[in-house]
Amino acid sequence: MNIAFIGLGNMGGPMARNLLKAGHAVTVSDIAPDRVALAAREGLAVVDPASVLPTADVAMSSLPNDIALVEVAQQLAQHARAGCECTG
């Protein structure tokens, strides 16, 4: 399963890593450069949300507030492929 994971903070980072360990193809995105660098070192594929969403079977997010959630939801609406399951 191809999973797009947006938000790599205290909850999102561990969740994305566990999905990778479970054998899923996980591509991640975050606005914090340090979190992105850590994810890349741990083997997660890192891209901007617009690039990963068209190929994702599932899009997941773990975001810090409603403003961030609305912004990501707008990106999902624009870029997610038909049939993509989106959770947040």
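# Briefing: strand 1 and the cores around it

The largest nonpolar core has 10 residues in all: I3, F5, L8, A16, L19, V26, V28, A39, L44 and V58. Strand 1, helix 1 and strand 2 each bring at least two residues to this core. Apart from it lies another core, of nine residues, with L53, A56, L76 and C84 among them. Please keep in mind that this is a predicted model.

**Overall layout**

- The protein chain holds four helices and five strands, and along the sequence they follow the pattern β-α-β-α-β-α-β-α-β.
- A compact globule of 88 residues would have a radius of gyration near 12 Å, and the protein chain agrees because its own value is 12 Å.
- Taken along the principal axes, the C-alpha atoms fill a box of roughly 30 × 25 × 20 Å.
- Of the 88 residues in the protein chain, 35% are buried.
- The accessible surface comes to about 5,100 Å², and carbon and sulfur atoms account for 57% of that area.
- If you look at contacts between residues at least 6 apart in sequence, 54% of them join residues at least 24 apart.

**Strand 1 and its partners**

- Strand 1 spans residues 2-6 and is mostly covered, with four of its five residues buried.
- Strand 2 (residues 25-29) pairs with strand 1 in the parallel sense over five bridges; in this pairing I6 stands opposite S29.
- Strand 4 (residues 58-61) also pairs with strand 1 in the parallel sense, over four bridges; here I3 stands opposite V58.
- Both I3 and V58 belong to the largest nonpolar core.
- Helix 1 (residues 12-21) joins strand 1 and strand 2 in a right-handed β-α-β unit.

**A closer look at I6**

- I6 lies in strand 1 and counts as buried because its relative accessibility is 6%, under the 20% cut-off.
- Not counting residues up to four places away in sequence, I6 touches S29, P49, L53, M60, S61, S62, L63 and V72.
- One of these contacts, L53, is a member of the nine-residue core.
- V52 is 46 residues from I6 in sequence, while their C-alpha atoms are 9.9 Å apart in space.

**A39 in the largest core**

- A39 is another member of the largest nonpolar core.
- Leaving aside neighbours within four places in sequence, A39 is in contact with L8, V28, L44 and V46.
- Of those contacts, L8, V28 and L44 are listed in the largest core as well.
- As general background, nonpolar side chains tend to be buried together in soluble globular proteins.

Key
Residues numbered from 1 in each chain as written. Predicted model: local features only at pLDDT ≥ 70, side-chain atom pairs only at ≥ 80, totals over all residues. Heavy atoms only, no water. Buried < 20%, exposed > 50% of the residue type's maximum accessible area, 1.4 Å probe, protein only. Pairing = 2+ DSSP bridges. Right-handed = clockwise from strand over helix to strand, strands pointing away. Contact = heavy atoms within 4.5 Å. Core = buried A, V, L, I, M, F, W, Y, C linked by side-chain atoms within 4.5 Å. Rg over C-alpha atoms; globule rule 2.2 N^0.38 Å. Areas by Shrake-Rupley, 256 points an atom, 1.4 Å probe, with all protein chains shown as cover.
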